[in-house]
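Welcome, and thanks for taking a look at this one with me. Please have the sequence and the 3D view open side by side as you read.

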There are 2 protein chains.
Amino acid sequence: MRYFDALATTLHFRKAAEMAHVSQPALSAQIAEMEKTIGAQLFERTQRSVVLSEMGQRLLPRIRSILREIRSLEEIAAQKRGVLQARMRLGIIPTIAPYLVPVLIPKLREHYPVLKMELKEAVTSKLIENLRIGELDAIVAALPIEDDMLTVEPVFHDRFLIATSANDNDVLSSPMTQDNVAVERLLLLEEGHCLRDQALAVCSATKQRQLVNYGATSMATLLQMVSHGMGLTLIPEIAVRAEAGHMKMRIIPFAGTEPRREIGLIWRRQSERQDDFRTLAQCIAESAATLRLGQEELAELRK
Amino acid sequence: MRYFDALATTLHFRKAAEMAHVSQPALSAQIAEMEKTIGAQLFERTQRSVVLSEMGQRLLPRIRSILREIRSLEEIAAQKRGVLQARMRLGIIPTIAPYLVPVLIPKLREHYPVLKMELKEAVTSKLIENLRIGELDAIVAALPIEDDMLTVEPVFHDRFLIATSANDNDVLSSPMTQDNVAVERLLLLEEGHCLRDQALAVCSATKQRQLVNYGATSMATLLQMVSHGMGLTLIPEIAVRAEAGHMKMRIIPFAGTEPRREIGLIWRRQSERQDDFRTLAQCIAESAATLRLGQEELAELRK
DNA sequence: GTGCTTTGATAAGATTTTCCTATCATGTTT
DNA sequence: AAACATGATAGGAAAATCTTATCAAAGCAC
């Protein structure tokens, strides 16, 4: 049934097989087997395309419903054991994971030693896909996320600061505002990262043509570039201590209203593990709080 | 899940294994496996008894619902192919099967050559059990049957006649009524057959103490006994031609209002194969009609 | 057309799962 | 005490499922 669901979703044997984590022949065989026992075609394979047959259309909602019920069953079972006692598969976006995880995991280990955490790092769109198909139980990502299937719980705010080279004294001359960011020197993450879009939104969108078009693959490489004087970038507060500590860099807060991103925990609306998620959200909020910078720290980073 | 359902029903490993058609160790292992993956006890095994744990109670309705949905899925698939195209597992009580089947099967074969009929012969209570747990799709039995899970469709009436030895001339002296049946000579089927109870109901219940307590295992043996002068019995009309034809026997209709049984087709209320069942009921009615006796035939049998 | 890519089906062999028979341990009944 | 009933365990067989490798057909580039 999972294979049927996947194939009905993708209408493509290979992609469905990938989604179901099996080889394409295995999926083919199972679909063929299913059609045999049912005694009718479920999919019409015209050349070049796969389409649901009438029978397939009729059965699809039922099968989806069954799969949903089974998943809910698993969740109830997990829930029954107590808060955060069952395996939790958590997705985290790459601009949060490396900073949050080292704080969150020990904290969880301390309070919930039985909990098995499985982590996955990917960009928001991938995580949402994984969440929807039930391969993840929850994800940590930047808001807003709007999706009827999902419940979104805001967890903490993460302000943006400017990271630039230690030699760069220009940024000290006047208070840093969103308008006077030197966009022509702005370095960004590669496409797909929400932080890239947020950075563009923060800095005045009018000058975007002048962008340096590079696209770093991670926060760490991006800041490596910054520290080597190749430009400046927005850095989320939670990343500062980990990244700026051992690099020659200057970190400048914005003047006035500081731009920030809101980070939330997201799960499937019909999930039965509400308590788990609320508890987890609380832990994440506490972990994030420890990553916030004090005044002295900020002054030091400003050099 | 089927095993879980069976065990929750029987609260007994052996009986559950039997119901699920597997060996007891197989069921034990699967339940143990299920408890392991869920991480909690599903059943509490105190000495001498098996009880659903709280977790088990919580999961039971969900699992039943899933099993029900899966069965409904199969039925929809079967139905979609057209009327009476999918395997039909039919249960028939022993006092009908041997007479109806030889007429019904050829008829079905003619009109629905693709149909695969699987027949099972057992007493009503066994058939109902099998129907409820989904091992049969429908049953043919004597009414009344009252069960919230089931739908009952009356199909035909089958009157009772008196069968006695060919030498027995007493029965010819006066018109045969329900009151003057020689109950002390009445032979019956063994316990469990509904025909036994019906025969007792037909003949005045006041004299039941005088019963010959034998209990034949089948209509054929019963009539064998009758033809050897060991007594008399009630014979359903549909059985007469097959049984009385080659035996020395006298068949006498009741005078006045003839006692009869009503035969119905019964299926699970939630089954999706309504059309199949209506069609099948029609075929059964037609088959039964061919077993009805004509006037001349009756006269001949009276000798 | 000839080669190249894509797509789903097929084949063969390995792996995993599930099952069955036989047996055991424990408590119950006679 | 002996026979019985009940669920767990062990060992090996059977069945289902998966993976890799390969194929055939169709679309596409040249």
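The notes below go through one helix, one buried arginine and the two DNA strands. Keep in mind that this is a predicted model. Helix α3 of chain B makes a good starting point: its buried residues pack against elements of chain A as well as chain B, and α3(B) also supplies residues to the surfaces near DNA strand D and DNA strand C.

**Helix α3 of chain B**

- Let's begin with its length: α3(B) runs over residues 24-38, and at 1.5 Å a residue these 15 residues should span 21 Å, which agrees with the 21 Å between its end C-alpha atoms.
- Which residues of α3(B) are buried? They are Leu27(B), Ile31(B), Met34(B), Glu35(B) and Ile38(B).
- These buried residues lie on the same side of α3(B), because they cover an arc of only 95 degrees around the axis.
- A general point helps here: an α-helix has 3.6 residues a turn, so residues three or four places apart point the same way.
- Turn to the other side of α3(B) and you will find Pro25(B), Lys36(B) and Thr37(B) exposed.
- The packing partners of the buried residues are α4 (54-80) of chain A and, from chain B, α1 (2-10), α2 (13-19), β1 (43-46) and α4 (54-80).
- Just after α3(B) comes Gly39(B), with a positive phi near 85 degrees.

**Arg159 of chain B**

- Arg159(B) sits in strand β6 of chain B, which covers residues 150-165.
- Is Arg159(B) buried or exposed? With a relative accessibility of 17%, Arg159(B) counts as buried, since the cut-off for buried is under 20%.
- Its side chain has a polar partner: the side chain of Glu258(B), in a polar contact of 2.8 Å.
- Leaving aside residues up to four places away in sequence, Arg159(B) touches Ile235(B), Pro236(B), Glu237(B), Glu258(B), Pro259(B), Arg260(B), Leu293(B) and Leu298(B).

**Around DNA strand D**

- There are 16 residues around DNA strand D, and those that come nearest are Tyr3(A), Ser23(A), Arg14(B), Ser28(B) and Arg45(B).
- Two side chains of chain B meet phosphate oxygens here: a polar side-chain atom of His12(B) lies 3.1 Å from one, and an N or O atom in the side chain of Ser28(B) is 2.8 Å from one.
- Arg14(B) meets a base instead, with a polar side-chain atom 2.8 Å from a base nitrogen of DNA strand D.
- Among the atoms of DNA strand D within 4 Å of the protein, sugar or phosphate makes up 57%, and bases provide the rest.
- At least two residues of this surface come from each of α3 (24-38) of chain A, α2 of chain B and α3 of chain B.
- By class, the surface has seven nonpolar, six polar and three charged residues.

**Around DNA strand C**

- DNA strand C is surrounded by 16 residues, the closest being Arg14(A), Ser28(A), Arg45(A), Tyr3(B) and Ser23(B).
- Of the atoms of DNA strand C that come within 4 Å of the protein, 58% belong to sugar and phosphate.
- From chain A, side-chain N or O atoms approach phosphate oxygens of DNA strand C at 3.2 Å for His12(A) and 2.9 Å for Ser28(A).
- From chain B, a polar side-chain atom of Tyr3(B) lies 2.5 Å from a phosphate oxygen of DNA strand C.
- Two or more residues of this surface come from each of α2 (13-19) of chain A, α3 of chain A and α3 of chain B.
- The residues of the surface near DNA strand C comprise seven nonpolar, six polar and three charged.

Definitions and conventions:
Residues are numbered from 1 along each chain as its sequence is written. Chains are lettered from A and ligands numbered from 1 in the order in which they are written. This is a predicted model: local features need pLDDT of at least 70, side-chain atom pairs count only at pLDDT 80 or more; totals for chains, interfaces and linings use all residues. Side-chain values use heavy atoms; hydrogens and water are left out. Helices (H or I, at least four residues) and strands (E, at least two) are DSSP runs, numbered from the N terminus. The expected span of a helix is 1.5 Å times one less than its number of residues. Buried means under 20% relative accessible area, exposed over 50%, partly exposed in between (1.4 Å probe, protein chains only). The arc is that of the directions from the helix axis to the C-beta atoms. Contact means heavy atoms within 4.5 Å. A polar contact is a pair of N or O atoms within 3.5 Å; within protein, one must be able to donate a hydrogen and the other to accept it, and residues adjacent in sequence count only if both atoms are side-chain atoms. A residue is near a molecule or strand if one of its heavy atoms lies within 4 Å of it. Ala, Val, Leu, Ile, Met, Phe, Trp, Tyr, Cys and Pro count as nonpolar, Asp, Glu, Lys and Arg as charged, and the others, Gly among them, as polar.
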